[in-house]
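Visitor: I would like a close look at the disulfides of this protein, one by one. Please take me through where the paired cysteines sit and how accessible they are.

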Amino acid sequence: MHQLRITQRPLAAALLAAAPLFGLSLLAAPSAAHAAATGVAFVHGTGKQTNAYQDYWQPAMVDSVRGGLANPSNYTVVNCDFEQYMWDSRAAGCLAQQLTDFINARGITQLIVITHSNGGNVMRWIMSNPTYDSRYPNIISKIVRVDAIAPSSAGTPLADAAMNGNAFEQAVGWLLGYKSDAVKMQQVSWMATYNANNLYGTSGRPALPKTFRAVVGTDVDSSPFDSDSYCGGYTENVGLETTQNWLNSCSDGFLNCSSQSAAGSVWFQDKQRTAGAEPLSHNQSRRACFNLNTILRSDMTP
């Protein structure tokens, strides 16, 4: 009988009684939508960049990937001086400021970071040393994950070759620049020291506070008769196939697979997911080659 009396109340009275509940749900929906502002940041590798959108990543890569966001305008392309040591104010300091500005300007609450090469080391510095800079904790709190493409987590023998000043330096100069602090830092023994003392995420060390997962490039193709060799620049791929002679059989022409896999976890090796099971040279892994851009685009959800 009690149930019957409730259902027979006049419609106006029933609506009036329910109004507070409807009001709460209407208020909650916009608030929840506002709370999920996802953005993506593109962090370049070694070098001093002033227009990484055009020069380092290129628009085809950036614009394709950000298209996977609910709001494609929520993106930033970092331009810093990564010729410095990772902790330098011109490297990690610059990166921290640009990420902070992006988070504040766009109200970002969920940040996906895409790095390439040495950019992964600079991001690991920030995530491993939250007390080093007052800006770091807020950045770390917003990060959902770092997708590290071909990260130089354990350095590269090419950096050792460049620093040794032998004839091989001429072959790797276009990749690294000559004897910058960033090149010194990426020597194999130097990175082993940093990984053991200053950085998280490698074997035997504390885990990073947020997911750091690597895309590993395993080989280089540079045949003039293979159209795939021209993606990202044929001359660059020829150079990387040359430098691959000083690396392991599993390498992207700049980094051994073991270095790329040294920190965090491996998301995938190139041939496992690329179109035609094509390898990604170190140059191609920052470009829209073999559907890498669409793989990243489809991953733009937290």
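Guide: What follows takes the disulfides in turn, after a word on confidence. The model is predicted, with an average pLDDT of 88 for the protein and 84% of the residues scoring at least 70. The count of disulfides comes to three, and when the bonded cysteines are numbered in sequence order, the pairing reads 1-2, 3-6, 4-5.

Cys80 and Cys94 are joined with their sulfur atoms 2.1 Å apart, and because the torsion about their S-S bond is about -85°, this disulfide is left-handed. Cys80 belongs to the loop between β2 (75-77) and α5, whereas Cys94 lies in helix α5, so the pair links distant parts of the chain, 14 residues apart. Cys80 is buried, having a relative accessible area of 2%, and Cys94, at 18%, is buried as well, since the cut-off for buried is under 20%.

Cys231 is bonded to Cys289 at an S to S distance of 2.0 Å, and this link is left-handed, with -105° about the S-S bond. Cys231 is in the loop between β5 (211-216) and α12 (234-243), while Cys289 is in the loop between α14 (270-273) and α15 (292-297), so the disulfide ties together parts 58 residues apart in sequence. Here Cys231 is partly exposed at 22% relative accessibility, but Cys289 is buried at 0%.

Cys250 and Cys257 form a disulfide whose sulfur atoms are 2.0 Å apart, and their link is left-handed, with -85° about the S-S bond. Cys250 counts as partly exposed at 26% relative accessibility, whereas Cys257 is buried, with a relative accessible area of 7%.

Note on methods:
Residues numbered from 1 in each chain as written. Predicted model: local features only at pLDDT ≥ 70, side-chain atom pairs only at ≥ 80, totals over all residues. Heavy atoms only, no water. pLDDT = per-residue confidence, 0-100. Disulfide = S-S within 2.5 Å. Helix = DSSP H or I, 4+ residues; strand = E, 2+ residues; numbered from the N terminus. Buried < 20%, exposed > 50% of the residue type's maximum accessible area, 1.4 Å probe, protein only.
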